[in-house]
Amino acid sequence: MADLDWPSVVADLEQLLKLRSIPFGMKLFRDRAEMEAIPRIRRPQHVHTLDQVVGQASRLGWTVGITADDLVGAQCRAVVGLGSAKTDAWKSGQHMTGVWFETDEDATAHQAAMHCVPDGQFEALAVGPLASGKLHDPDIALFYATPGAMMYFINGLQWSGYKKFDWGVVGESACADSWGRALTKREPSLSIPCFAERRYGGVLDDEMLMATPPEHLVKAIAGMRALSKNGFRYPFPQYGVQQDVRAGMAVSYAP
């Protein structure tokens with residue numbers, strides 16, 4: 001959605017969800033020259049995990065462009081379809097046997113469960129703050145938030161045109177649950193960030209990650225504003241575990 005007023009959308013998200021980090025976007029490029037043409041794009045000077053690049057966007061406000069050579073290995077490259085990483089060796093998961101999974105069969109099943117962009121379509125990826133406008137028409141928008149804020153965002157998505165959301169957890173490599181799933185299925189995708197995201201990407205212990213096609217942000221914001229008019233706002237005030245609940249319930253649910 002190239003015509004979105006990104007500073008306004010981001011300001012709404014930050015106000016409604018009390019975000020502590022920067023909402024950001026991802027965009028894949030078929031030609032690396034297109035990525036490198038982004039004004040003042042940063043290019044890594046070291047080898048990184050993709051979690052670190054995401055952290056540079058969400059924690060430092062940088063717009064960073066990468067190719068497969070900037071990433072530490074096939075696991076990072078595979079999720080976003082860079083570098084033809086999904087070889088037979090990668091599919092076997094042999095590098096994770098005895099590390100995250102007991103057997104070769106367990107590791108292979110994990111690799112098969114991941115949502116990944118197909119190989120051979122893209123040469124580069126850029127990640128950066130949505131409000132900067134540098135990522136023209138990003139493929140997906142992402143933000144970190146607490147579980148309570150995520151529930152409120154989901155409530156906003158469900159306000160109009162209700163849909164039940166079904167998400168899964170692959171475990172380690174949970175970036176496949178969020179940005180990999182959103183890029184491939186074009187649906188809002190919630191994840192519990194994994195070890196690598198927290199160790200290398202700066203993700204805090206109480207944070208979850210939402211990745212979604214941009215238009216769903218607008219839908220959720222409209223829904224959260226409607227919920228706010230009904231008295232439902234984040235953060236949710238505590239009522240008290242020993243209080244008579246009837247007075248509190250009566251505020252929200254008329255007899």
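## Salt bridges, patches and odd backbone spots

Asp 70 counts as buried, because its relative accessibility is 11%. The cut-offs behind such words are these: buried is under 20% relative accessible area, exposed is over 50%, and partly exposed is in between, using a 1.4 Å probe and protein chains only. The areas themselves come from the Shrake-Rupley method, again with a 1.4 Å probe, and for residues only the protein chains shown count as cover.

A word on the ground rules: residues are numbered from 1 along each chain as its sequence is written, and side-chain values use heavy atoms, with hydrogens and water left out. You're looking at a predicted model, where local features need pLDDT of at least 70 and side-chain atom pairs count only at pLDDT 80 or more, while totals for chains, interfaces and linings use all residues.

Back to Asp 70: what does it form with Arg 43? A salt bridge, with the closest N and O atoms 2.7 Å apart. This pair ties together distant parts of the chain, 27 residues apart. Asp 70 sits in the loop between strand E2 (64-66) and helix H4 (74-80), while Arg 43 belongs to the loop between helix H2 (32-36) and helix H3 (50-60). Helices (H or I, at least four residues) and strands (E, at least two) are DSSP runs, numbered from the N terminus. Unlike its buried partner, Arg 43 is partly exposed, at a relative accessible area of 25%.

How many salt bridges does the structure hold? The count is 11, where a salt bridge is a side-chain nitrogen of Lys or Arg within 4 Å of a carboxyl oxygen of Asp or Glu. Here are some of the pairs:

| Pair | Closest N to O |
|---|---|
| Asp 70 and Arg 43 | 2.7 Å |
| Glu 187 and Arg 181 | 3.0 Å |
| Arg 246 and Asp 244 | 2.6 Å |

In the second pair, Glu 187 is partly exposed at 24%, whereas Arg 181 is buried at 9%. The third pair has an exposed arginine, Arg 246, at 63%, and a partly exposed Asp 244, at 44%. There's also a network of salt bridges, which links Arg 20, Arg 59, Asp 206 and Glu 207.

Now for the surface patches. Patches are made of residues with over 30% relative accessible area and no salt bridge; like charges are joined within 9 Å, and nonpolar side chains (Val, Leu, Ile, Met, Phe, Trp, Tyr) within 5 Å. For the charges, Lys and Arg count as positive and Asp and Glu as negative, with His and the chain ends not counted. Each charge is placed at NZ of Lys, CZ of Arg, CG of Asp or CD of Glu.

The negative patch brings together Glu 102, Asp 104, Glu 105 and Asp 106 on the surface. Of these, Asp 106 is part of helix H6 (residues 104-113) and is partly exposed, with 34% relative accessibility. H6 buries Ala 107, His 110 and Gln 111. They span an arc of only 95° around the axis, so they lie on the same side of H6; the arc is taken from the directions between the helix axis and the C-beta atoms. Which residues are exposed on the other side of H6? Those are Glu 105 and Ala 112.

The nonpolar patch covers about 510 Å² and is built from Phe 232, Tyr 239, Val 245, Met 249 and Tyr 253. Val 245 sits in the loop between H10 and H11 and is partly exposed at 46%. That loop, between helix H10 (215-229) and helix H11 (246-252), also holds Pro 235, and the peptide bond from Tyr 234 to Pro 235 is cis, with omega near 0°.

Most residues other than glycine have a negative phi, and most peptide bonds are trans. Two residues with positive phi are worth a look. Arg 40 has phi near 55°; this arginine lies in the loop between H2 and H3 and is exposed, at 76%. Ser 173 has phi near 75° and is found in the loop between helix H7 (147-158) and helix H8 (179-185). Is Ser 173 buried or exposed? Ser 173 is buried, at 6%.

One last stop is Phe 29, in strand E1 (residues 24-29). This phenylalanine is buried, with a relative accessible area of 7%. From Phe 29 to Lys 185 there are 156 residues in sequence and 18 Å in space, C-alpha to C-alpha.
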